[in-house]
Amino acid sequence: MTNPPLPAPRALLTRLGIPPTLAWGYLGLLLFMIGDGVESGYLSPYLIDRGVPEPRVALLFTVYGIAAALAAWLSGVLADLWGPRRVMWTGLAIWAAFQLLFLTAALPLDSYPLMLLGYGLRGLGYPLFAYGFLVWIAGVAPRARLGTAMGWFWFAFTGGLPTLGSLVASALIPHIGAYATLWSALALVAAGGLLALLLVRDEQGSPRPRGAGEGPLATLVGSVTVLWRNPRVGAGALVRVVNTASQFGFFVILPVYFTKTVGFSLTQWLHLLSAMFATNIVANLAFGALGDRIGWRRTIAWCGGAGCTLSTLLLFHVPTAAGPNFPLALLVAAFYGATLAGYVPISALMPSLEPRHKGQALAALNLGAGASTFVGPAVVAAFVGPLGVEGVVWIFAGMYAVSCVLTLFLKLPDEPEPAAADQDAAAPHTHPASA
């Protein structure tokens, strides 16, 4: 007896590389990240205009990044212990609670300590929600389409933060003001979180049975020791830190630089930011699929590492030389957004580097992703004073060049070493996605 054909919507999702049981989760993630990204293009200049000194704004973003890094690491660990669904519920609750504190107390009172508490600890929220879902995808998607499934994850993630989030901000601020726009972010996050958590029914969202030696303490310790127990996982985590470090650093310095120094209006900057990541979300899909076809490692190294080295420099130097030339700035912004997506296959590569402990490898990946939200603003806070914006940009470009080299060492456990490959050039590749 032949198996009955899949219903048309499920068959279409499968062909697109989206696990059908998680489809509502992707949509919910998109809405959640739109809400999280509403502030990304204007919060820095908004706080400066309210009288918060620029170094304090950088510190605020740094505290937020530290909280996000901790939560990103814990998302993999807790997903192993609790299941992804409970981790996502926790992230939604934290985001909403601390956003309310930020909006109802910190801003009205102009209290910097409350800003550090409310906004800083809100950084725990989105990684638990988003990266909890990433673990869910890794447990459901087939390996042959894992890169594509991860591409859809990053499509939804960056579709919200900051692409559509910035568009929402640019549309609402002229009509309701910057403060009220922050309240709209809370509504969008709540809508997306509830959509994902109430409509996704996949059983992989529940805690998995744990074997001997896999208690909470062992899982927690293992998610750290894997960084040196398997040096390739550690190197992969560093590559993931570099991936979006410049993005979060640029959120701090580029809104001010592009508006105060280059001469763009705030609305033009928000449109540049939206175009940058509109390109990024399309490129996420393209590079996810490309990684499945030509190799995850090759795509990360050349499309991500080498591409970002060049695009980061162009993003700064072209507008600096040409002035407020919007079409030209649009081109370099789009190129930068596209090259950031070259790192997408690392979400498929990392759990494959440690196939017996995928949860631990994903915890390391998420730690790198979260750390980037801290490292980027920290680089700005440490070097923008002595080196200026240009010096910070060159530091980020150098980091991307180093990540390109590191990626070349991220071979899968069963991938032949170059010498062995030369001796047996005719042998087929067991895992072409590792190339």
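Biologist: In this predicted model, why are helices H15 and H16 called oblique to each other?

Modeller: The axes of H15 (residues 346–353) and H16 (residues 358–407) cross at roughly 135° and come within 7 Å. Angles from 65 to 115 degrees count as roughly perpendicular and those over 145 as roughly antiparallel, while angles under 35 degrees count as roughly parallel. The crossing angle of roughly 135° fits none of these classes, and H15 and H16 are therefore oblique. Their crossing is right-handed.

Biologist: Which residues of H15 and H16 meet?

Modeller: Ile-346, Ser-347, Met-350 and Pro-351 of H15 meet Lys-358, Ala-361, Leu-362, Ala-364 and Leu-365 of H16. Seven of the residues in this contact are nonpolar, one is polar and one is charged.

Biologist: How do you know that the span of helix H5 agrees with its number of residues?

Modeller: H5 (residues 84–109) has 26 residues, which at 1.5 Å a residue should span 38 Å; the C-alpha atoms at its ends are 37 Å apart, so the two values agree. H5 nevertheless has a kink of about 35°, centred on Phe-102. Just after H5, Asp-110 has a positive phi of about 50°.

Biologist: What is the handedness of the crossing of H4 and H6, and which residues meet there?

Modeller: The crossing is right-handed, with the axes of H4 (residues 54–82) and H6 (residues 112–122) at roughly 35° and within 7 Å. Residues of H4 including Leu-59, Phe-61 and Tyr-64 meet residues of H6, among them Tyr-112, Met-115 and Tyr-119. By class, this contact has 10 nonpolar, one polar and two charged residues.

How values were computed
Residues are numbered from 1 along each chain as its sequence is written. This is a predicted model: local features need pLDDT of at least 70, side-chain atom pairs count only at pLDDT 80 or more; totals for chains, interfaces and linings use all residues. Side-chain values use heavy atoms; hydrogens and water are left out. Axes are lines fitted to C-alpha atoms, for helices over the stretch in contact, and angles run from 0 to 180 degrees between N-to-C directions. Helices (H or I, at least four residues) and strands (E, at least two) are DSSP runs, numbered from the N terminus. A crossing is left-handed if the near helix is turned anticlockwise from the far one by less than a right angle, and right-handed if clockwise. Contact means heavy atoms within 4.5 Å. Ala, Val, Leu, Ile, Met, Phe, Trp, Tyr, Cys and Pro count as nonpolar, Asp, Glu, Lys and Arg as charged, and the others, Gly among them, as polar. The expected span of a helix is 1.5 Å times one less than its number of residues. The bend at a residue is the angle between axes fitted to the seven residues ending there and the seven starting there.
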